[in-house]
Amino acid sequence: TETVPPESRQAFWSDVLCSLYSQCVLTPGIPGGIRGQVRHCVVPHMEASMLHSAPMQARNVDGQVARDEQVAYYVAIQLEGQATLQQAERELLLQPGAMTVWTNAKPFVFRSEAPFGTAQFKLPGHRTRRVLPDIDRLLCHQIGGQIAWLRRALLPLVEEVCGLHGDLDRAAEEALMHAAFELIVE
């Protein structure tokens, strides 16, 4: 948002978040406080992003949720700051290192009272449900314990794919993303 005029930032940031994640209403956490940066990478059937933002709240638009081919599941890893996710009648406080799953197919509220950073893997709903039919039981639950290794494996993949450590050719990006999908659903 740094290059966007201040009076246009909220609409711009809202458009960015809606196009990447889900239709949502964005409310700044502090007056005039919309600031953010996102790095995003798309390869066939998967996306990854790293988002850093000023305090904000995002909620789905009047109950609008994704339908059919637009349904996606997101594996979210909190990088910095704290945020709260509400979905499936649950609420989860996300602190650095926390990992969870959320979907654009159900109502949600995401809010942060301070600047935060998150890494997100977007998984296509149809493919994910085919491999992991009970994925909804993971929504808005902290993922840890026996699969904490997943966070350690995914974060470097997101960073690499999003171009933070250099440019990858397309074949390498696709190989990393497919490996990430297999890690997530296995």
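What volume does the largest cavity have? In this predicted model, the answer is about 250 Å³. Before looking inside, let's get our bearings.

The chain has 186 residues, and 47% of them are buried. Its secondary structure adds up to 4 helices and 10 strands. Walk along the sequence and you meet a helix, then the run of strands, then three more helices: α-β-β-β-β-β-β-β-β-β-β-α-α-α. Of the contacts with a separation of 6 or more, 72% link residues 24 or more positions apart. On the outside, the chain exposes about 9,300 Å², with 51% of that supplied by carbon and sulfur atoms.

The opening helix, α1, covers residues 9-20 and reaches 16 Å from its first C-alpha to its last, close to the expected 16 Å. Its buried residues are R9, W13, S14, V16, L17, C18 and L20.

Now for the holes. Searching the whole structure turns up 2 cavities of 30 Å³ or more. The largest cavity is lined by 18 residues, with Y21, M56, W102, F110 and Q120 nearest its centre. Strands β4, β5, β8, β9 and β10 each give two or more residues to that lining, and β10 has the largest share, with 3. By class, the lining has 13 nonpolar and 5 polar residues, and no charged ones.

The second largest cavity comes in at about 40 Å³. Its lining consists of L20, Y21, H40, E47, A48, S49, Y74, Q120 and K122. Here β3 gives the most, with 3 residues. This lining splits into 4 nonpolar, 3 polar and 2 charged residues. Y21 and Q120 turn up here as well as by the centre of the largest cavity.

Methods:
Residues are numbered from 1 along each chain as its sequence is written. This is a predicted model: local features need pLDDT of at least 70, side-chain atom pairs count only at pLDDT 80 or more; totals for chains, interfaces and linings use all residues. Side-chain values use heavy atoms; hydrogens and water are left out. Buried means under 20% relative accessible area, exposed over 50%, partly exposed in between (1.4 Å probe, protein chains only). Contact means heavy atoms within 4.5 Å. Accessible areas come from the Shrake-Rupley method with a 1.4 Å probe; for residues, only the protein chains shown count as cover. The expected span of a helix is 1.5 Å times one less than its number of residues. On a 1 Å grid over the protein atoms alone, a cavity is a set of points where a 1.4 Å probe fits but cannot get out, and a pocket is an open set with protein on both sides within 12 Å along at least five of seven lines; lining residues have an atom within 4 Å of a point. Grid points are joined across faces, edges and corners, and a volume is the space filled by probe spheres set on the points. Ala, Val, Leu, Ile, Met, Phe, Trp, Tyr, Cys and Pro count as nonpolar, Asp, Glu, Lys and Arg as charged, and the others, Gly among them, as polar.
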